[in-house]
Structure formats: C-alpha cells, structure tokens
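Student: I am new to this structure and would like a close look at one part of it. Could you walk me through it slowly?
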Amino acid sequence: MPKVPVGRDRLFRGLGKEYTQEEFEDLCFNFGLELDDVATEDDEVIYKIEVAANRYDLLCFEGIVQSLRIFKGLDQIPKYVVCNIPRESMLKIKIKPETALVRPFVVSTVLRDITFDQASYKSFIDLQDMLHQNICRGRTLVAIGTHDLDTIQGPFTYEALPPTEINFVPLKQVKSFRGDELMKFYESDLKLKKFLHIIEKSPVFPVIYDRNRTVLSLPPIINGAHSAISPQTKNVFIECTATDLTKAKIVLNTMVTMFSMYCKRKFEVEPVEVISSDGQSYVYPDLSPYSMEVPLSKITGRIGVSADANQVISLLNRMQLLAEKSVSSGDECSIIVSVPPTRSDVLEACDVAEDFAIAYGFENILAKVSSSTRGGGEQSLSQISNLIRLEFAMSGFSEVLTWILCSYNDITTMLNQKDDNSTSVKISNPRSSDFEVARTTLMPGLLKTVRENNHHPKPIKIFEVGDVVLLNEMNDVGARNRHHLAALYCDDHSGFEV
Amino acid sequence: MAEKAILEQLQSNEEISNSGDFATSTGFDHEEIKNITRSLHGFQLVDAQEIKKEIWELTNEGKLYAEIGSPEFQLFSAVPPEGGISRQELQQKFDPLVYKIGCQAAVKNKWLEMGRQQVLRKIQTVEDSVKDLLLQIKDGQVISSEDINSLKRRKLIELKTWNGYSIRKGPNFSLERKKLVSVFTREHLLSGEWKNLEFKKYNFDANALPPSGGHLHPLLKVRERIRNIFIAMGFKEMQTNNYVESSFWNFDALFQPQQHPARDSHDTFFLKAPSTTLSLPESYLDKVKQVHESGGYGSKGYQYEWKREEAEKNVFRTHTTAVTARVLYSLAQQRPFTPQRYFSIDRVFRNEAVDRTHLAEFHQIEGVICDRGLTLADLMQVLQDFFKKMGMSNLKFKATCNPYTEPSMEIYSYHEGLKKWVEIGNSGMFRPEMLRPMGFPEDVTAIAWGLSLERPTMILYGIDNIRDLFGPKVDLKLIKRNPICKLGM
C-alpha cells in the first residue's frame, strides 16, 4: 500500500484544526487511512500516510486534504470543468503511425494561469513519482511529462524515430545528446537506468516535438531542458504517453483534479485535442462523472443497516460521491450516483455501498450487532482435561477408566485413611459392597488396576483423569463433582525418578 | 575398622584433637582416617573441624641424608684420621654429586683440607649436625629459623600444608553407622528387612530426568484449537492440498487485475516447472476475461486488455483464497443453491524478505460463508463470534482495500498486555465481479476473513522471532517444553 509523506503542520492547516497525533490517527482510522510513520526532516514533522492501492486521488497532499475536508463536511465536492473553448482554438497533438511500434497512446491537457509555491510545486513533482510507481507500473504503462507552455508552441507531434535522429538537451544537462547517446549516458544514472529497458530495444524511440521541432520529451525516460517547469511556471502543458489508454486517462485526470485548485479559475482545465494517425480526433481530459443508478436496497442491504434515501445521499456526498434520488418510477427507491473523475476506483454498486458504510461509521454498524455468541463450543474444563490426557499419554503413561462407585473400605482402610464423615457420598441401598460409596479419590481405581494386572510386564505406568464426588454445601443438592487426575508407577523397585 | 576405632574413641573420650596423631597412634593411614571422618561428618555422626598446619618436610634428598648422613660427613668419614687420602681415591668412592656437595660443605665447615694431591682431616671428629637437624624435623621438632633457611637452601626440606581434623561427637552419634536406603525393592519387602531399615529422605527439590516420550509442535497445537473453533461453528474444511496454483485461480478468478501493483504486492513465487497450467475451465475463463476487460453485472470492469498468458502462469499460491475461489466455483455449479460455510488452515508462499516476523512460507487461516443476502453487519457478527472463541472480545473494524472484496475491513483487537489495539486479521465481502461469473445468482453473497496462524501463536507463546517457532532452526527444547494451548479457554 502506498505511503504518502505530508508535512504535518501544512496538513493540519489544510484541515483547519490542530490535531493531537491520537486524534489524527482516529480520523485516519475512521476514513480508512493509516498513519504509518512519523519522521522529522529539516525540522519539519512529516507524516507518512498509508492509502489504499486503488485511490490515486489520495497519492498527494492536496488529495488527502480535499478528501478529509469533504469527509468532515467542511467542503463541497468540487465541480471539475473542462473549459469550453472551440476546437480550433485547442492545442493539438498529432500522433504519427510509428508510435504504434513502441508506445501507441498519448493524452494531454493544460493547466492555465496556475500559481505554485514551493510546497505545491514539490507536491506536483512528487505526485508524478507516486503515479509512476503505482498505476504506471514503473513508467512501463504510462509516463507523465509536464512542461512550461510558455516556452513551447503548438501544434505538437507525437512521433517515433530511430534513436540517432533524435537530438536535444535533456533536463539538467547543458549539452545536446542523440537518442542512442542518452541511453548510454543514463546507464549509470541511479534514478533513470531502470527505465531504459522500456524502449532501448525498439528500433524507434517515442519523442514529442512542438512546431519548432523543440523536443518536449523522450518518454518514458526524460524531458527536454527547454520546456522544464519551475515554481514560477504559470501555464503547464501535461502529456501522458502510454501502452494502456485507460490508465493514461486516469493518470491525466488525477494530475488535473489534484492541481487545478491552484489555477486562477479554480477546478477548470483546458482541453487538448489528440489526433490519431488514422485521423480520429479525441479531446482530453474527459472529466465527466460516471453515472450509476443503484437501488437503495443494494446499498443499505449490503451493509445491513437501515437508512433512508436522504441519509444515504448526504453520507455519500461526504465521500465525494454526488448522489441524488432517482425520479424514475417503480416501487424501489434508487439513487443516482455521479462518480467524479477522482474516484476511478468505483466500478460497481458494492463500491458505493462501502463508501456509505465508511461515512455511516463502522463503529455504528458494529453497535447494532449482538454481543452474544452463537454456535458450538466446549467447556474449558473438558478442553483442558483432554489436553492433559494427551500429554500424559505422550509421556508414556496408559489411560485407565475405572468405576466411580466403590466400597467403603476402598476409600478408607485400604488407603490408610480415616473417614471424617464429611467427605464421601454414601449409597443407602447398595446391592453389594462394591457400590457403597462414590470415590473421593482416583487412588482405588489405579490400585485395583495394578492388582488385576499383576501379570503385566513391569513397569506399569497408568493414569486416570476423571471426576470424584464430594459432599459440598455450596451446591443445591449438597454434593458436587471435582475433576481429578492421578498417575501411578509400579515396578520391582520404588523408582522415585521415573 | 578405622571407622570403628574412631567411633569407639569418641564414645569414651570428648574428642580426637588431632586426626594425624590419632592415625599415628592407631597405625591407620591418615588419609583413610580423614576420608572416614568426612563421611561420618556428612551423616552427622561426628562433628569434624578442619585443622590446617604448615610444616617442614624432608625432601627425598633430605630423607637420604637423614639416613646415611650428609655428604660432607660421609666424605669426612672416608678420610683416614692419619695420613689422609688422595683426591683421586676419595673421588672414586663416591657419587660425583655427593663428592661435589660434600667437598664444598666439608671445606666450608673447615673439616677437611683439600690439597692438590692429598685430602687431610683438619679436626679429629665432627658431628653430623645436618643429619641431626633433619632427624629432628622428621621427628616434628622445632628448629631455629637460621637452620631452617640453610636446610631450605640446600633443598633438603620443603614447606608443606598439613590437613587434619579435630573430631567430636555429632548429633547423630552412634557406635555403629546406620545405612540409609535410597531405593526400596521387592527383596526388602519379601525378606521383612524393611522393618529395620532407615530410608533416605526424598529430595523433592532435585531435578528429575524428564520422562521420555513425544511432544507436539506449538504451532500445530494452535492450529488444532482453531480447527475446532471452526468446526464448532459449523464450518466445513476445504481441501487445500495443492501448493502449486495457476495465476488464474490465485488472482484472475478473484477479480485481481493483471498489470497492477496489487498483484505484485503479494510478492509471488512464479514457477519454472511446471511454468504454466495445463488446463483452465474455458467457459468460465471467458466470463472472467470479459468482466476484467469490460465489466458486466452492473460493473464498469477494469477496461484493460486481459491476457491469457498471464493467467496461465503457475505460482506457489500466495493465499488460500485461491482454494476458496475453486470451492466457491464448485458450489456455484450446484442447483439449487445451498448456503455453506467453509474454512481452511494451510501453507501459503510469499517471495518476501525473511526477517523476525516474516517468512517465505507461513500458514493462512481462512473462513468463508456463502449465503443469500449477507451483510457487512453479518460479517462483523461472525467475526465477533470467532474471535471471542480465541479469547479476543474487544474488536474494532477499519475500512481497507482488497482487490477481491468490497467493503473490506481490517480487524483490530485490544491487547491488554501491550495496552494497545493490535491488527489481528483482514476480512471483506467478495465482489459481484468475482461471484457472478462463477454462476451465482445476484442475491448470493459471500463473506470471508483471514489471518496468519503464526502471529497469534507467537503472541500466545511469547516468541518474538518467527524463525524460533517455525523451521529447522527451532530449538528442540521449545518443542519439548511448550505448554498446552489454552487459546480461548
């Protein structure tokens, strides 16, 4: 599960409250996050927050703060808008057919009039790393490139050329490199060498150019130095090249939904037109919500609590799922859920049900659960008795099972004991002397066993675990059983240590 | 004999003040007297006090001179009173060492004159004072420290420690020592001797030999307990005896997407041989492929290209949930649908780094209930029942994420000893995308939970390194000495 580092003080400012660590841990627990680690970096306290593997919207500070604020009812769900500009005015990327050989897809968008500060800029870079590690599977499926739009000019082309034909100054360098030279150059680069394998065997490398043949990037390896962004950048051009289009769209949506809050026109994103090699035109990003109609019973029924439509709607809203009652006819009440582009993890009604349950509060569901246990079980005494019998047997003793009833002598004279008349349970009508009393000790049974087994090879090692009966005024009948164990060793010498 | 002598002596006298003197007077060997004294003292028939003395004793050389005279005296005696003797002749009469020492001493004492040819007496008679001194020492007499030093220098005497005892009657004194019997035998009984015998007291504090016999492994004792809990709750044991599993059953059938961190995060062992599964249920596979790629049953699906080759890859199963998938698929084929409860406790394999709490192999406990209309509240209920039987009754649930369940919950229990909430397991409701392709109707739900066997065992038995519990490095002492498993009693 990914762990996202956020500055604690910045986090609490964003949430509008100075939490104690325990209070914050409780908040995380209730929402489904975990405070994994607390560290200090340059006098700043950093919280490492563990988030679900499929929540790309929680991979950065902005996403975590936004989700928690909405969860606590401090904010409404943002309405993300792709600004309405005519197609002709949109920036364009034209895809050349050779890209199909190595990395077929590209999606793109623009964040206009954005204002970064040091913290949000760092967050912007960190989110790209997080996404690269997670959904992008180490850049193999998707690679993100972000550029200073003011340094480049559209229309752009997404091409794939032989490495020797690509030449540019890569990020952090001053001299120009050919594509093949770059592969060699980065072989020793700790960060980049693990991405080389993605394209190095290909006859053509992917590359993005602007109208002046400035190289924006050599995906998935490195961007060009020319279009590098900085905290001062005002207009960001984002391109995601990919081998999996669905994931590229999710990545692009995540980037813009998280950072469009810093644009002058908050939550507004400028579209880019991508023209594929066969002439088909696509406009990105697609921020339209995914609409699901879910019967109310499917939501509450899966969780096992009752709630009416209004309750469900207000709870779902706290989880960034915009919901409203369906106006369609029929007896069954349905909820129409608008899943925002931040929630690509919602696939089916069960995902909606879970969010409802989280907002409802797991502890509140638990409170409705009965505390009495059902099902089979054993008495502790039986359990422990059986375990002890096993241990005896494993130590080399054999089990015997003898009578509860015995003669009066068996528990007195035969054991050199005197009867104090307050211990043994006596039978008033014994058929013979064998049934005079109930045993008060296991000794008679063991000794009689030895007597009857005198022919048996020595040593005789036997044990019995069972009840004896004793008079007892604490019980309603005046007598009770008591569970005893006894063992006996018999040989031609006393053998104290057996 | 010596013992009798000591005891008789003490009978009529207060004490034997010096065991050495006693030995000499009675003619017994002092060592023997000392040994017997110690034994009698041990049984408290006598009370012996140790005496330590430092005395001078004759060396072997000293003993020789005490007998035949010192070298110088011998030499002197060999020189005739009149006329003397030639050196050669004198020398021939003696051992070279005796001659050498004798000449030195005789000259020093001014007894002899050693001419170049002749040796002459300087005085008429002499006394062999060395011999006398040696005899005195042998006799135990005290001599001056000057003489001591000169004899010591000539290595004729040495300082020895002398040990002995002064002996008095002890609390158990009697003229004859009673023998204590430690082992009571048949012969004692038959002969009637037992009436006159005194028995050695049993020492209940002594360590005994452990009884020989077998022992069971603590991990499997806990496993047995947990099996019993499941069976008592009406769960049927799943057949889990297949460690090799295909990715299809281990991942895909569970709606775990290919090419996703969730699949790697298990850190799986992929197989070289057999590298791919020989067969898969084809019509079911088509449904699984479809639900991954484009959804269905009300789901969006993952919208990616599902590859058959990925599903065919064999692994060592990373969880017993793979078996659950097989079992549920089998259940789904039965008409009409019958609700069932299943459990399993068996080995799973993870390609993780081995450390104090992680191994490449461990045991997973899994419980599953499949019925119509199950809810999250039902899951909480059954978890409460189950964990209460394990002795954990204060539970808390936290939302988490599993690819194949939604909702999913981590289960926490309050540990009284550690005074904190501890994660004890994971649970969830299987997704429709998993159940529907198997053929279950829409209203059939399945809830499940899992935990490791090792963790509760380590907590129960106070073991903090998993390799001390499981594997060949486990100390056999642990196997032989671990207590019975009282989980939940």
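Which residue in strand 15 of chain A does A:Leu91 stand opposite?

Tutor: A:Leu91 stands opposite A:Val272 in strand 15 of chain A. Before we go on, please keep in mind that this is a predicted model, where local features need pLDDT of at least 70, side-chain atom pairs count only at pLDDT 80 or more, and totals for chains, interfaces and linings use all residues. Residues are numbered from 1 along each chain as its sequence is written, chains are lettered from A and ligands numbered from 1 in the order in which they are written, and side-chain values use heavy atoms, leaving out hydrogens and water.

Let's stay with that strand. Strand 15 of chain A covers residues 268-275; strands (E, at least two residues) and helices (H or I, at least four) are DSSP runs numbered from the N terminus. Of its 8 residues, 7 are buried, so the rest of the structure largely encloses it. Here, buried means under 20% relative accessible area, exposed means over 50%, and partly exposed lies in between, using a 1.4 Å probe and protein chains only.

Now for its neighbours, where two strands count as paired if DSSP finds at least two bridges between them. Strand 4 of chain A, residues 81-82, pairs with strand 15 of chain A in the parallel sense over 2 bridges. Look for A:Val81, whose bridge partner in strand 15 of chain A is A:Glu268. Strand 5 of chain A, residues 91-95, also runs parallel to strand 15 of chain A, and 4 bridges join them. This is the pairing that places A:Leu91 across from A:Val272.

Two further partners run the opposite way. Strand 6 of chain A, residues 105-111, is antiparallel to strand 15 of chain A and joined to it by 2 bridges. There, A:Thr109 has A:Pro271 of strand 15 of chain A as its bridge partner. Strand 16 of chain A, residues 281-284, is also antiparallel to strand 15 of chain A, with 4 bridges between them. You can find A:Val274 opposite A:Tyr282 in that strand. These two strands, 15 and 16 of chain A, make a hairpin with 5 residues between them, and A:Gly279 in the turn has a positive phi of about 95 degrees. As you follow the side chains, remember that in a regular strand they alternate between the two faces of the sheet.

Let's step back to the chain as a whole. An automatic or database domain assignment gives chain A domain 1 (3-72), domain 2 (81-284), domain 3 (290-363) and domain 4 (380-490). Taken over C-alpha atoms, the centres of domain 3 and domain 4 of chain A are 66 Å apart.

Chain A also has a pair of helices to look at. Two packed helices are described by the angle between their axes and the distance between the axes. The axes of helix 7 (residues 296-303) and helix 9 (residues 349-360) of chain A come within 9 Å and cross at roughly 60 degrees; such axes are lines fitted to C-alpha atoms over the stretch in contact, with angles from 0 to 180 degrees between N-to-C directions. Helix 7 and helix 9 of chain A are therefore oblique to each other, given that angles under 35 degrees count as roughly parallel, over 145 as roughly antiparallel, 65 to 115 as roughly perpendicular and the rest as oblique. On the helix 7 side of chain A, the contact (heavy atoms within 4.5 Å) includes A:Ile299 and A:Ile303, and on the helix 9 side it includes A:Val352 and A:Phe356.

For a companion to strand 15 of chain A, turn to chain B. In strand 16 of chain B, residues 405-415, 9 of the 11 residues are buried, so this strand too is largely enclosed by the rest of the structure. Strand 15 of chain B, residues 395-402, is antiparallel to strand 16 of chain B and joined to it by 7 bridges. One position to find there is B:Lys396, opposite B:Tyr412. A hairpin of 2 residues links strand 15 of chain B to strand 16 of chain B. On to strand 17 of chain B, residues 420-430: it is antiparallel to strand 16 of chain B, with 9 bridges. B:Tyr414 has B:Trp421 of strand 17 of chain B as its bridge partner. Strands 16 and 17 of chain B form a hairpin with 4 residues between them, and B:Lys419 in the turn has a positive phi of about 55 degrees.
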